[in-house]
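Thank you all for coming; I would like to take a few minutes to walk you through a structure that may be new to you. Please have a look at it before I begin.

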Amino acid sequence: MNLKTLLLAGGALLSGTAASAGGFQVSLAGIKNNGMGGVGVGLSLDQAAMFYNPGALAMVRERGVQIGGNATFARSAFRSQFGGEQRELRNSVVTPFSVFAGFGSSDNKFAAGIAIYTPFGSKLQYANGWEGRFSLTDIDLKSIFVQPTVSYAITDKLSVGGGLVILAYGAVNLQKDIPIEGQPGVPGHVTLDGKALTKIGFNGGIYYKPTEKLSIGASYRSRIDATVDAGEVTFNNVPASVGARFTATEFDVTLPLPATTSLGVGFMPMEKLTVAVDVNYVQWSAYKSLDFKFRGNNGAGGLVAPSGQVGGVNFSNSKREYEDAFTFRVGGQYQVTDAFTVRAGGSYDMSPVKDGFVTPETPDADRLGLTAGISYKVSDHFGVDVSTQFINLKERTQTQDELIAAGTADRIAGTYKTRIVIPGIGFNYTF
């Protein structure tokens, strides 16, 4: 087995089929924002401001708690450059969620809150026997971030804020076949299963509302290096004759979660109408390569080797060479009645993955998103928000010649096409 094919799967550590943003970034925090194309940096809609721009939290006059959840239904197809039938993902559903709780001082100067959300999470299962099964067959990724936040209104028009961004929980299970057979007719199989270490970053933002009809915001979220230390390696159906080449029991890997700088502007041309635009700049160029280290001495076959090995080696790297990328968002809401609000929006997300560097765990491409949403205020303090998104990834083809030219022939040549539907529902209580 070529070790690099295993490393392809490792890229899924924090990626998979990201639901609403390029690379392995996901932006599904705040059901109201989701219905407006994901805008929010230049707005102070509600407690979800902690995610988009912590500087705007002090301008959210109503304190409250909101809980939201989404379900992502992805349909991804692959056709090999060298022919054969079209392969599709087995059915899987991912359920990212978010919780925001915001509180403030009686003079509306200070605000503080806690946010919990899932910026990375996916489940991707390729068809049995697909051409890329020696790169990847299954991924199941989970992550939970916790963000304590404080915000201060310097004047009634200007506020600032910041918080810690804590990778509190991360877990990954990824699997692939190995081109060897222990039991005749059944390929070997390897599973990597591990939990990420707790890591801490930060975010900050500033919010300015010069007039009743205009608001401006800027925010920055720092990079976090996510690390799995001593994840578990398990082999199945590896013949004893090659067991000395498959002795790893543990793996270590680190993946950069890139920094993001965002700018946003909100317009309120009339009392009941809000329109906003956001631009996100993600510093993906930090992701140059994916490096694995393997340890252990008890691989399949029960044979002893100098150190933990996968395919005869205990260290390798796989090229990524991501590029910095922009996301452009636009959205708006209109308050139809005192209780009923409608929303719509869209986004265009530039892929950070260059030609010749597409991997099965991140079959990424430039993507267009369309969104819609509604809110209904059941009482003075309780409301329900609903949103939906349709994400269409541009068809992405990479040829064998491109892979060879890029030095990435460890991945598969062919064409990927992905569409995702993401309904969401949230409940909010203000006080």
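I will go from one strand and its neighbours to the cores, and then to a pocket and a loop. Please keep in mind throughout that what you see is a predicted model.

Let me start with strand 6, which covers residues 110-117. In a regular strand the side chains alternate between the two faces of the sheet. Here, Ala 111, Gly 113, Ala 115 and Tyr 117 point to one face and are buried, while Phe 110, Ala 112, Ile 114 and Ile 116 point to the other face and are not buried.

Which strands pair with strand 6? One is strand 5, residues 97-104, which runs antiparallel to strand 6 and is joined to it by seven bridges. Between these two strands, the hairpin has five residues, and there Asn 108 takes a positive phi near 60 degrees. The other is strand 8, residues 138-153, which also pairs with strand 6 in the antiparallel sense, over eight bridges. Gly 113 is a useful residue to follow here, since it is the bridge partner of Gly 102, and in strand 8 its bridge partner is Thr 149.

Turning now to the interior, the largest nonpolar core has 38 residues, and those that touch the most other members are Val 233, Phe 235 and Phe 251. Several strands each supply at least two residues of this core, including strand 8, strand 10, strand 13 and strand 14, and strand 9 gives the most, with four residues. If we look at Val 233 by itself, and leave out residues up to four places away in sequence, its contacts include Val 190, Leu 192, Phe 251 and Phe 294. Apart from this core lies another, of 18 residues, among them Met 50, Ala 111, Phe 145 and Val 165.

Next comes the largest pocket, whose volume is about 1,200 Å³. It is lined by 42 residues, of which Ser 44, Leu 45, Glu 62, Gln 333 and Gln 335 are the closest to its centre. By class, this lining has 13 nonpolar, 14 polar and 15 charged residues, and among the strands that each supply at least two of them are strand 11, strand 19 and strand 24.

Finally, I would point to Pro 119, in the loop between strand 6 and strand 7. Is this proline buried or exposed? Pro 119 counts as buried because its relative accessible area is 9%, and the cut-off is under 20%.

Conventions. Residues numbered from 1 in each chain as written. Predicted model: local features only at pLDDT ≥ 70, side-chain atom pairs only at ≥ 80, totals over all residues. Heavy atoms only, no water. Buried < 20%, exposed > 50% of the residue type's maximum accessible area, 1.4 Å probe, protein only. Pairing = 2+ DSSP bridges. Core = buried A, V, L, I, M, F, W, Y, C linked by side-chain atoms within 4.5 Å. Contact = heavy atoms within 4.5 Å. 1 Å grid on protein atoms, 1.4 Å probe; cavity = no way out; pocket = protein on both sides within 12 Å on 5 of 7 lines; lining within 4 Å. Points joined across faces, edges and corners; volume = space filled by probe spheres on them. Nonpolar A, V, L, I, M, F, W, Y, C, P; charged D, E, K, R; others polar.
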